[in-house]
Each structure stands twice: as C-alpha cells, then as structure tokens.
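Me: I should like a close look at one part of this complex, beginning with a loop position whose backbone deserves comment. Please then set that part against the rest of the structure.

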Amino acid sequence: MCLAVPMEVKHIDGDVADVEIGGVRKQIRLDLIADRPQVGEYVIIHAGFAIRTLNKEEAMETIKIFQEGWNLELI
Amino acid sequence: MSSFDSLRDPDKCKAVLKLIEEAMQGQTLRFMEVCGTHTVALFRSGVHSLLPKSVVHLTGPGCPVCVTHDSEVAAYLELAKRDDVIIATFGDLMRVPGPGGGSLKKAQAEGARIEVVYSPFDALAVAKNNPGDKIVFLGIGFETTAPTVAATVRLAKEQGLSNFFVMPFHKLVPPALDALLSDPAMAIEGFMLPGHVSAIIGLEPYRPLAEKYGIPAVVAGFEPLDLLQAILLMAEMKRQGKPRVINNYKRVVADEGNPKARAILYEVYKPGDALWRGIGTIPGSGLVMSDAYKPFDAFDALGVELKECKPLPGCRCGEVLKGIMPPNQCPLFAKACTPATPIGPCMVSTEGSCAAYHKYQLDLSPGK
Ligand code: SF4
C-alpha cells in the first residue's frame, strides 16, 4: 500500500479516472488533487487515489521503478 | 539518454559516491531512512553496499504495518469475532501476529468475514452490498494514506451510509521523528525523508526538527542517484554545519505539499495521541475523528476499546524500529522468524526492515 507509482490517465469521468501502466488498468479517484490531470498526463496513485499530477517528462523519470519488478498487487 | 536513465547512469552514481567520500573526510553520518520503500530501494539498488564505512544506515519506523501496536491488533481481532461485522483492510495487515498469536488470516479461516481491499474507497462498495452488516475499515498508514481514508469517510457521509466505520490507527511522521531525536540513545545525524508522505505534507513540518536538533534532512526519491544525492546532501550539510531541509525529489514533491489533501484530512480527522509498536504513546502523532465525523468512528460507534497488552515475546521490533538494533541482530532473525513464519510485523510486510534484511542482506552474505 505504500508504493506510489505514476500511471497514465486514459479517461476521466467526474471524480473517477481510468489509469494505466504497462497493461495494468485501474480505476482511481481524483478527490485529493486540485490540479486536475488531462488525459495523457500522469498521476501518482496511493491506495486508489491520485495524490499528485505529473507531466510526461516528470513521470518518465520515475516510471521504470516498478517496471523492474514491483509487485503490482501491492500498488 | 532519457532523463530516467540518467538517474541510474553508473558514471554519475560513481561521481556522486566520490563526492560523498570527499565530504566524509574525518566525519561520520548515521542517517535514518524513514520510509519502508527507501529501505528496500537502498538494498535493491546496491547503494547500501557501496557506501563508505563512515556512512551508517539506520532503518526507521517507516512501515505502517510495522508500527501498528499490539493493542490495536488485539482490538481489531476482537471486532472480527462479531457476527454482524465485516472487516475491510489492506492486505498487508492479514498476517500481522496479534498478542495471542492470532491474525486476520487465522480469524478468516475460523469464519470471520474479512474483505481485502486495494483502496479504502472499495470498502464503501462492501458497505453498500451488505446493508445489514457493519463494515469496519482498518485505517492504518501515514500522511499519504490518511487523506485517502478521510476522502472515503466524507463520501460515506455524503452518501448517507450508516453502516461504514473506520478504526483510525493512522500515524504522523514528524512527531515520531521528534520523539526519536529526543532519545539520546539514538545518535541520528541525518534523515532521508519519505517521498510520498512529503508529497502530502510538504517541507514545513520538518523544518522545526532540523532547527531544534541540528539535523540535516533530505526528501528523497527512490532511484540510485536519488538515494546517493540525498546522502551527499546530508553529508555536505553536516560538514558545513548548516543543517536544514532540502527537497531533492521535486519531480514528485512540491515544497508546499498537497494542500487539498491536507484540507480533506483535517476536515475528517484531528491530531491525537497514538500508540507505536515498540515505542509507546507519542503525543500528537496520531489522528482521531473530528466531532463532525464521530459517527464513523468504530471505537465510539461500536464500543471498542484499546486494551493494554503484552508485547510479542522475544520480538525486538521496538529496537529495530528505533534504529537501535539492526534486524539481523535480533536473536530470532532468520531462525524462528522468517518471512514465511513471521513472529513480528517487521518480518511480515515487504517494506518491513526485517523482511528487507532477510531478502537482501542474507543473499549478499558469503557463500550465497
Ligand atoms: S526478526 Fe522477527 S522477531 Fe526479530 S525484530 Fe524482526 S520481526 Fe521481530
């Protein structure tokens, strides 16, 4: 539950967004962030909620952390 | 080279290591990392083994499962026995041993109704689908997790749900750091501050600590160069005698944190005292429900109390969490206590210090 990795925003519907990384899709909530992401931007997710919006460049710097074997179930 | 690869560039890492060695001339740096993900990252990246001997790494109390107190475990295990209660929890708590040797996993095998959820928000669906039952979410976690639970409680109120409750076991990082620093046995000389807790609280709450105790502190990311730069910054600040708080993870952490998440957090909760495993009560280091949200407090609404209980026999988690004892010096480490047969929570969670030592340190020992 303590891992927070950037995921790409694919679709937004009110306070709910579909996000994806490496073929893993999740539905997450946007209640906690003031800077609403656009589709194509990235968000850091913690326990099903976005806690920060990142632009693509910022996201790419962090993204491979979990492409190298973080347990997806733990996100 | 992408900007990401540059965070792993071996030449850059070597250059920073050299700078660390230079900065260390004649001094020591006993730094503590406060986040379980940093514990794992330090080992997995190999950074831990590259550091000069004068840089000593202490693992801190940064795994939310590990700091959950025996009394808190006993309270939720008691609740799990009730017929009209469904416990909703993050999976990490399932195997945490209670004072009597029980766990949620064992309770589940004995018939208790327990739902493992990925998000506190998912627990609301459990409440809606089971209108005749009381759903109790176990609210563990630091400042990163607490706002997600707060937002969920707010939604429960908006939606008029009357069968959803939270046991607030949240812990706050800065008061815990203050408590650790005030213990003269600790001799901490620097803090590697948590990346994602800081994304919520920002830098401000750490500043009084850096001033009061003269401790350099760096908010760090999780890549090799992030870790090495944080260590270099701590060493330099110490050498120059200019301790302060530096944000070295700007790509994720804004200096001011996330004000919206904090507003929601402090609408639902207010600061209170909290019990920390192996440490005891730390004033102002926890969160209790604010008056407007009292009806959602499982302690109040369901008449649960925290009772004193004896710590797990033989487990040295307290000393491990305080950085006084390295995990592999616990007499039970890798003998009676392994990730498959955990005796204490530090061996249960993948972010626990004992589990991290077991996974990485043992594999590095000669002959492996
Ligand atoms: S090795 Fe096991 S018993 Fe010892 S401190 Fe760690 S979790 Fe507790």
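Reply: The position to begin with is B:Ala334, which lies in the loop of chain B between helix 15 (317–321) and helix 16 (353–364). The whole complex is a predicted model, and the backbone angle discussed here is therefore computed from predicted coordinates. Phi of B:Ala334 is near 65°, a positive value in a residue other than glycine. Most residues other than glycine have a negative phi. As for exposure, B:Ala334 counts as partly exposed because its relative accessibility is 33%, between the limits of 20% for buried and 50% for exposed residues.

The ligand is the next subject. Which residues of chain B are found around the ligand? The shell includes B:Leu332, B:Phe333 and B:Cys337. Further members are B:Cys315, B:Arg316, B:Cys317, B:Val320 and B:Cys330. B:Gly344, B:Cys346, B:Met347 and B:Cys354 complete the list. By residue class, the shell consists of ten nonpolar residues, one polar residue and one charged residue. The charged member is B:Arg316 and the polar one is B:Gly344, because arginine counts as charged and glycine as polar in this classification, which places the cysteines among the nonpolar residues.

A positive phi at an alanine is found in chain A as well. What is the setting of A:Ala47? A:Ala47 belongs to the loop between strand 4 and strand 5 of chain A, and its phi is positive, about 50°, although it is not a glycine. Those two strands form a hairpin with two residues between them, and A:Ala47 is in the turn. In terms of exposure, A:Ala47 counts as buried because its relative accessible area is 2%, whereas B:Ala334, at 33%, is partly exposed.

The strands of this hairpin can be described in turn. Strand 4 (residues 42–46) of chain A pairs with strand 5 in the antiparallel sense, over five bridges. One of the bridge partners is A:Leu54 in strand 5, which is matched with A:Tyr42. Strand 5 (residues 49–54) is largely enclosed by the rest of the structure, because six of its six residues are buried. In a regular strand the side chains alternate between the two faces of the sheet. Chain A as a whole has one helix and five strands, and from the N terminus on the elements run β-β-β-β-β-α. Of the 75 residues in chain A, 56% are buried. Among the contacts in chain A between residues at least 6 apart in sequence, 36% join residues at least 24 apart.

Chain B offers a further covered element in helix 3 (residues 36–44), where eight of the nine residues are buried. The buried ones are B:Gly36, B:Thr37, B:His38, B:Thr39, B:Val40, B:Ala41, B:Leu42 and B:Phe43. After this helix comes B:Gly46, with a positive phi near 85°.

Within helix 3, B:His38 is buried because its relative accessibility is 0%. The B:His38 side chain reaches the backbone oxygen of B:Ala220 at 3.0 Å. Apart from residues up to four places away in sequence, B:His38 touches B:Glu33, B:Met192, B:Leu193, B:Pro194 and B:Gly195, and also B:Ala220, B:Gly221, B:Phe222 and B:Leu227.

B:Ala261, in helix 13 (residues 259–268) of chain B, likewise counts as buried because its relative accessibility is 0%. Beyond neighbours within four places in sequence, B:Ala261 contacts B:Pro147 and B:Ile200 in chain B, together with A:Leu32 from chain A. Between the C-alpha atoms of B:Ala261 and B:Ser353 the separation is 28 Å in space, at 92 residues apart in sequence.

Finally, the confidence of the prediction should accompany any use of these details. For the complex, the predictor gives an ipTM of 0.85 and a pTM of 0.90. Chain B has a mean pLDDT of 90, with 96% of its residues at 70 or more. Residues 364–368 of chain B, however, have a pLDDT below 50, and this stretch has two contacts in the model beyond near neighbours in sequence. The average pLDDT of chain A is 78, and 75% of its residues score at least 70. In chain A the pLDDT is below 50 over residues 65–75, a stretch with 23 contacts beyond near neighbours in sequence.

Terms used:
Residues numbered from 1 in each chain as written. Chains lettered and ligands numbered in written order. Predicted model: local features only at pLDDT ≥ 70, side-chain atom pairs only at ≥ 80, totals over all residues. Heavy atoms only, no water. Near = heavy atom within 4 Å. Buried < 20%, exposed > 50% of the residue type's maximum accessible area, 1.4 Å probe, protein only. Helix = DSSP H or I, 4+ residues; strand = E, 2+ residues; numbered from the N terminus. Contact = heavy atoms within 4.5 Å. Polar contact = N/O pair within 3.5 Å; in protein donor to acceptor, adjacent residues only side chain to side chain. pLDDT = per-residue confidence, 0-100. Pairing = 2+ DSSP bridges.
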